[in-house]
Amino acid sequence: QVQLVESGGGLVQAGGSLRLSCAASGRTYSMGWFRQAPGKEREFVAAIRWNGGSTLYADSVKGRFTISRDNVENTVYLQMDSLKPEDTAVYYCAAKISGGPIGFGYAYWGQGTQVTVSS
């Protein structure tokens with residue numbers, strides 16, 4: 001069982017930046033970020049493999065968001081720059097301890113943190 005605690009959401013103007021953090025209670029195979037906007041399905045944002053640090057991004061955030069990890073603190077970060085109003089959503093941290101592709105198949109989820117980008 002892995003527990004995840006997120007922080008860092010908030011309100012920001014378009015073009016601004018926010019950094020989300022997610023601390024895991026133990027080691028994982030990969031961790032990722034997903035988001036869900038009102039009336040829409042949850043979608044993949046970014047993920048990172050713990051060993052090796054390979055990353056994957058959704059096309060909509062590529063070049064603007066950066067996912068990184070702190071091996072010592074078992075924490076993953078999502079640096080979000082050049083934010084747009086369409087980035088507004090609840091952002092969820094996720095983790096899995098099994099292998100496989102890092103874009104899906106996550107078993108453990110955080111409580112979610114709201115990100116609101118005003119125009």
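**Exercise 1. The aromatic cluster**

Identify the residues that form one aromatic cluster in this predicted model, and characterise the pairing of phenylalanine 34 with phenylalanine 44.

*Solution.*
Step 1. The cluster consists of Phe34, Phe44, Tyr106 and Trp109. The structure as a whole holds three aromatic pairs.
Step 2. A pair of aromatic rings is described by the distance of the centres and the angle of the planes. For phenylalanine 34 and phenylalanine 44, the centres are 5.5 Å apart and the planes stand at 75 degrees. Planes over 60 degrees apart count as edge-to-face, so the pair is edge-to-face.
Step 3. Phenylalanine 34 belongs to strand 4 and phenylalanine 44 to strand 5, so the pair ties together parts that are ten residues apart in sequence.
Step 4. The cut-off for a buried residue is under 20% relative accessible area. Phenylalanine 34 has 9% and is therefore buried; phenylalanine 44, at 18%, also counts as buried.

**Exercise 2. Charges over rings**

State which ring lies beneath arginine 42, and which lies beneath lysine 96.

*Solution.*
Step 1. Arginine 42 is placed over the face of tryptophan 109, 4.6 Å from the ring centre. Tryptophan 109 is one of the residues of the aromatic cluster.
Step 2. Lysine 96 is placed over the face of phenylalanine 104, with 5.9 Å to the ring centre.

**Exercise 3. The salt-bridge network**

Trace the salt bridges that join Arg35, Glu43, Arg64 and Asp87 into one network.

*Solution.*
Step 1. The model contains four salt bridges. One of them joins glutamate 43 to arginine 35, where the closest N and O atoms are 2.6 Å apart.
Step 2. Arginine 35 also meets aspartate 87, with an N to O distance of 2.9 Å. Aspartate 87 is located in the loop between strand 8 and strand 9 and arginine 35 in strand 4, so this bridge ties together parts that are 52 residues apart in sequence.
Step 3. Aspartate 87 forms a further salt bridge with arginine 64, at 2.7 Å from N to O. Arginine 64 is in the loop between strand 6 (55–57) and strand 7, so that these partners, 23 residues apart, link distant parts of the chain.
Step 4. Shared partners thus join Arg35, Glu43, Arg64 and Asp87 into one network.
Step 5. The accessibilities can now be assigned. Aspartate 87 is buried, with a relative accessible area of 1%. Arginine 35 is buried at 6%, and arginine 64 is buried at 10%. Glutamate 43, by contrast, has 36% and is partly exposed.

**Exercise 4. The disulfide**

Locate the disulfide formed by cysteine 22 and cysteine 93, and determine whether the bond is left-handed or right-handed.

*Solution.*
Step 1. A disulfide is a covalent bond between the sulfur atoms of two cysteines. The count for this model is one disulfide, and the sulfur atoms of cysteine 22 and cysteine 93 are 2.0 Å apart.
Step 2. The torsion about the S-S bond is about -85 degrees, so the disulfide is left-handed.
Step 3. Cysteine 22 lies in strand 3 and cysteine 93 in strand 9, so the bond ties together parts that are 71 residues apart in sequence.
Step 4. Both cysteine 22 and cysteine 93 are buried.

**Exercise 5. The nonpolar core**

Describe the largest nonpolar core and the surroundings of methionine 80.

*Solution.*
Step 1. The core has 36 residues, and those with the most contacts inside it are Leu4, Met31, Trp33, Val76, Leu78, Met80 and Tyr91.
Step 2. Several strands each supply at least two residues of this core, among them strand 3 (18–24), strand 4 (30–36), strand 8 (75–80) and strand 9 (89–96).
Step 3. Beyond its neighbours within four places in sequence, methionine 80 contacts residues including Leu18, Leu20, Arg64, Phe65, Tyr91 and Val115.

**Exercise 6. Leucine 83**

Determine where leucine 83 is found, and whether leucine 83 is buried or exposed.

*Solution.*
Step 1. Leucine 83 is in the loop between strand 8 and strand 9.
Step 2. Its relative accessibility is 2%, so leucine 83 counts as buried.
Step 3. With neighbours within four places in sequence left aside, its contacts include Val12, Ala14, Leu18, Arg64, Phe65 and Val117.
Step 4. Leucine 83 and alanine 107 are 24 residues apart in sequence, and their C-alpha atoms are 28 Å apart in space.

Notes
Residues are numbered from 1 along each chain as its sequence is written. This is a predicted model: local features need pLDDT of at least 70, side-chain atom pairs count only at pLDDT 80 or more; totals for chains, interfaces and linings use all residues. Side-chain values use heavy atoms; hydrogens and water are left out. A nonpolar core is a set of buried Ala, Val, Leu, Ile, Met, Phe, Trp, Tyr and Cys residues joined through side-chain atoms within 4.5 Å. Buried means under 20% relative accessible area, exposed over 50%, partly exposed in between (1.4 Å probe, protein chains only). Helices (H or I, at least four residues) and strands (E, at least two) are DSSP runs, numbered from the N terminus. Contact means heavy atoms within 4.5 Å. A salt bridge is a side-chain nitrogen of Lys or Arg within 4 Å of a carboxyl oxygen of Asp or Glu. Rings of Phe, Tyr and Trp (its six-membered ring) pair if their centres lie within 6.5 Å; planes under 30 degrees apart count as stacked, over 60 as edge-to-face and the rest as tilted. A charge sits over a ring if NZ of Lys or CZ of Arg is within 6 Å of the ring centre and within 35 degrees of the ring normal. A disulfide is a pair of cysteine sulfur atoms within 2.5 Å.
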